[in-house]
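Work through the following exercises with the sequence and the structure open beside you. Each one sets a task and then solves it step by step.

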Protein chains: 2
Amino acid sequence: MKPKSPKRSDARSSEELVDALVQAAFVTMAVLNKIGADHALSLTQLRVCGILRDRRLRMAALADYLGLEKSTMTGLVDRAERRGLMARAPSAEDGRAVDVFLTREGTKLGEQMHAQVQQSLTPLIERLNASDRQLLQDLLGRMLDSENGKVASR
Amino acid sequence: MKPKSPKRSDARSSEELVDALVQAAFVTMAVLNKIGADHALSLTQLRVCGILRDRRLRMAALADYLGLEKSTMTGLVDRAERRGLMARAPSAEDGRAVDVFLTREGTKLGEQMHAQVQQSLTPLIERLNASDRQLLQDLLGRMLDSENGKVASR
DNA sequence: AATATTAGTTCGTGTTGCGAACTATGAGCG
DNA sequence: CGCTCATAGTTCGCAACACGAACTAATATT
């Protein structure tokens with residue numbers, strides 16, 4: 001027995017929407033994962049390539065973007081560096097800090113993968129017509145809408 | 001080669017939509033990840049709990065759902081079993097096969113986490129009004145729409 | 001100058017995921 | 001029937017990933 005239902009239909013639809021979001025997330029992740037794997041990159045590495053596409057960040061900032069610990073970054077960047085995708089350089093302003101950025105090769109790979117992601121997800125979005133696509137993009141955009149209020153999860 | 005641009009704006013909007021989907025996926029995953037972590041479960045373990053919520057599957061089927069190798073499942077189920085969340089039982093129809101299912105405790109945890117997911121994503125979807133939520137759910141539903149055609153990614 | 005803070009690294013641990021090799025059960029066929 | 005082949009899981013060794021605690025080096029604070 002559901003106790004009361006202040007708004008019975010709200011809870012229902014909310015639940016279904018969340019499920020849809022989660023399902024979409026898994027599908028999307030599977031695609032990203034596969035594309036990464038095709039290039040012998042983990043999801044995280046692929047993500048770093050995406051993040052560093054147009055930026056140069058220090059370790060801590062990168063960790064922040066990824067939601068990971070600094071100590072995790074060391075190994076991550078180590079491996080990427082070993083593969084020639086990224087490089088480290090001491091920060092100009094802070095002697096302790098280290099900047100990370102994509103090498104030429106890393107940039108190339110990043111762009112290539114980005115294109116593959118587009119291509120791989122195209123069949124999905126093509127199930128919607130042009131105006132629905134625009135609508136979806138709009139709704140997602142409004143939902144994610146920059147940094148206001150974070151997600152917080154508890 | 002794209003000869004002329006049949007619809008220049010299509011590529012553009014397509015790109016932005018894909019980016020929005022990917023971003024939404026990462027946000028969603030971060031939430032799931034956190035909820036799992038709160039219960040000392042990996043994303044994958046959390047997912048298994050979700051999948052087995054109302055099912056009882058054999059190892060291979062589970063691997064299929066997750067897109068993982070059978071050999072990966074062994075360890076996964078081992079650890080979950082050790083924590084008392086799942087259990088194995090020989091299949092009735094096939095002497096080789098093993099069924100996996102949630103224990104009472106696993107079911108409880110699964111439901112609890114499911115509720116937390118709802119709750120954690122609520123702030124996000126609340127940025128949309130009721131009819132937009134319905135719309136979004138609809139669009140996602142149509143996009144994912146069951147098994148037609150898989151994603152394929154290459 | 002002495003102390004505290006911050007940025008990264010190192011180290012040890014557990015989990016995840018893979019592929020190759022293996023065991024055991026079931027299916028096919030001659 | 002018995003032999004072979006296929007299938008379901010497991011085991012094993014490996015690399016990556018992520019964490020936290022302890023460490024080093026550089027900057028801030030006082």
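**Exercise 1. Determine how many residues each chain gives to the contact between chain A and chain B, and describe the side of chain B.**

Solution. Counting residue pairs whose C-beta atoms, placed from the backbone, lie within 7 Å, one finds that the contact takes 47 residues from chain B and 46 residues from chain A. On the side of chain B that touches chain A, at least two residues each are supplied by α1 (8-38), α5 (104-125) and α6 (130-144) of chain B. The largest share of that side, 19 residues, belongs to α1(B). Sorted by class, the side of chain B that touches chain A holds 26 nonpolar, 13 polar and eight charged residues. This is a predicted model, and such interface totals use all residues.

**Exercise 2. Find the operation that lays chain B on chain A, and state what relation between the two copies follows.**

Solution. In general, a rotation about an axis and a shift along it relate two copies of a chain. Here the turn is 180 degrees and the shift along the axis is 0.0 Å, and chain B is then laid on chain A with an RMSD of 0.0 Å. The two copies are therefore related as by a two-fold rotation axis. In chain B, the C-alpha nearest this axis is that of B:Ala25, at 2.0 Å from it. A further check comes from the interface: 98% of the interface residues of chain B are also interface residues in chain A, so the copies meet through the same surface.

**Exercise 3. Identify which residues come nearest to DNA strand D, and which elements give two or more residues to the surface near it.**

Solution. There are 25 residues around DNA strand D, and those that come nearest are A:Ser42, A:Gly95, B:Arg58, B:Ala60 and B:Ser71. Two or more residues of this surface come from each of α2 (43-51) and α4 (70-82) in chain A, and from each of α3 (59-66) and α4 (70-82) in chain B. Of these elements, α4(A) gives the most, with five residues. The surface near DNA strand D has seven nonpolar, nine polar and nine charged residues.

**Exercise 4. Carry out the corresponding analysis for DNA strand C.**

Solution. DNA strand C is surrounded by 24 residues, of which A:Arg58, A:Ala60, A:Ser71, B:Ser42 and B:Gly95 are the closest. The elements that give two or more residues to the surface near this strand are α3 (59-66) and α4 of chain A, together with α2 (43-51) and α4 of chain B. For DNA strand C the most comes from α4(B), with five residues. By class, the surface near DNA strand C has seven nonpolar, nine polar and eight charged residues.

Methods
Residues are numbered from 1 along each chain as its sequence is written. Chains are lettered from A and ligands numbered from 1 in the order in which they are written. This is a predicted model: local features need pLDDT of at least 70, side-chain atom pairs count only at pLDDT 80 or more; totals for chains, interfaces and linings use all residues. A residue is near a molecule or strand if its C-beta atom, placed from the backbone, lies within 6 Å of it. Helices (H or I, at least four residues) and strands (E, at least two) are DSSP runs, numbered from the N terminus. Ala, Val, Leu, Ile, Met, Phe, Trp, Tyr, Cys and Pro count as nonpolar, Asp, Glu, Lys and Arg as charged, and the others, Gly among them, as polar. Two residues are in contact if their C-beta atoms, placed from the backbone, lie within 7 Å. Copies are superposed by least squares on the C-alpha atoms of residues with pLDDT of at least 70 in both.
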